[in-house]
Amino acid sequence: MNSLIESQGDVEKTADMIRDIKLNQYIDGGTSALSYNIVARKAEQVRRGIVTGTMIKATDGIRTKMLSERAEATYKGLKEGKTLEEICRTMDDERTAMVERNASAVLSAFMGAEISLKFTKIAGGARRNHPWAAKFWGFDADVDAEVTINGEKFVLEGLCHKVVPDAVLNKKSELSLAITCASVAIQEIMYIGCAPINVIVPAAVAAAMGVLDPKEAAKQAEKGAATTVAIPGAGDKAKEAATLAVRIMKDL
């Protein structure tokens, strides 16, 4: 809204501004733009307008690129004999590496220090052994991180459930910057649960190709993209999309 006001209602100019911000001012601009697009499309189900239209126009290209890249990667991977689970795991690993790389660069510039970070563990079930808490790791994150600041390495084992509470209760100020950096990055990784395309797109492609039925495709995709499955919902939507893909293929 502010951008539209600034540009005096120029939709094209505003869309370009939003696209530039998403691609250049976010740790994971692609996921940010995709999520932005999804919210705008949901809003249009209630009421269409210049704001939602501009949001969609700004991010439709990024959205299309992200979906097509995953569809192509899945198709090629399956043709090469890879399992759907393996393909989805690779997609998640690539995104995690991208977030680590981009977060390191952004935080280095922001903090005025040479910062690099890497996650050695991202899982659920940190405090509870219930299968639900173990699968949907966003609710009970068990995270290990390594943060290097100006050459000094901090190993943070149990970042969320051990390191942070210990640092706060025992006033370990020396860990403050390392915790901040790791927390920013793991939060960014966790955001993918809102836009689980590493599960949905591969499942739809596998089902459309006849490699797997929709139910099994969704199951394997969700298992492979375990980092994407931070919150519930990806598997159900993947099955729904895969079922639709099979239906569409009947008429092509």
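Start with the sheet: in this predicted model, 3 strands make up an open sheet in the order 1-2-3, with antiparallel pairing. Select strand 1 (115-123) and strand 3 (152-157) to see its edges; each has a single partner strand, so one side of each is left without a neighbour in the sheet. Look along the sheet next: on average, neighbouring strands are turned by 10 degrees against each other, direction ignored.

Now add strand 2 (residues 142-149), which pairs with strand 1 in the antiparallel sense over 8 bridges. For one of these pairings, pick S116 and find its bridge partner, T148, in strand 2. While you are here, show helix 7 (residues 159-169), which packs on the sheet and touches strand 2 and strand 3. The direction of helix 7 makes about 120 degrees with that of strand 3.

Move across to the other pairing, where 6 bridges join strand 2 to strand 3 and the two run antiparallel. Click on I149 here, and you will find its bridge partner E152 in strand 3. Strand 2 and strand 3 form a hairpin, with 2 residues between them. Stop at N150 in that turn and check its backbone: phi is positive, at about 50 degrees.

For the last stop, leave the sheet and select helix 3 (residues 29-44), where S32 has its place. Is S32 buried or exposed? With 15% relative accessibility, S32 counts as buried, because the cut-off for buried is under 20%. To see its surroundings, display K22 and Y26: S32 touches both, leaving aside residues up to four places away in sequence.

Terms used: Residues are numbered from 1 along each chain as its sequence is written. This is a predicted model: local features need pLDDT of at least 70, side-chain atom pairs count only at pLDDT 80 or more; totals for chains, interfaces and linings use all residues. Side-chain values use heavy atoms; hydrogens and water are left out. Two strands pair if DSSP finds at least two bridges between them. Helices (H or I, at least four residues) and strands (E, at least two) are DSSP runs, numbered from the N terminus. Axes are lines fitted to C-alpha atoms, for helices over the stretch in contact, and angles run from 0 to 180 degrees between N-to-C directions. Contact means heavy atoms within 4.5 Å. Buried means under 20% relative accessible area, exposed over 50%, partly exposed in between (1.4 Å probe, protein chains only).
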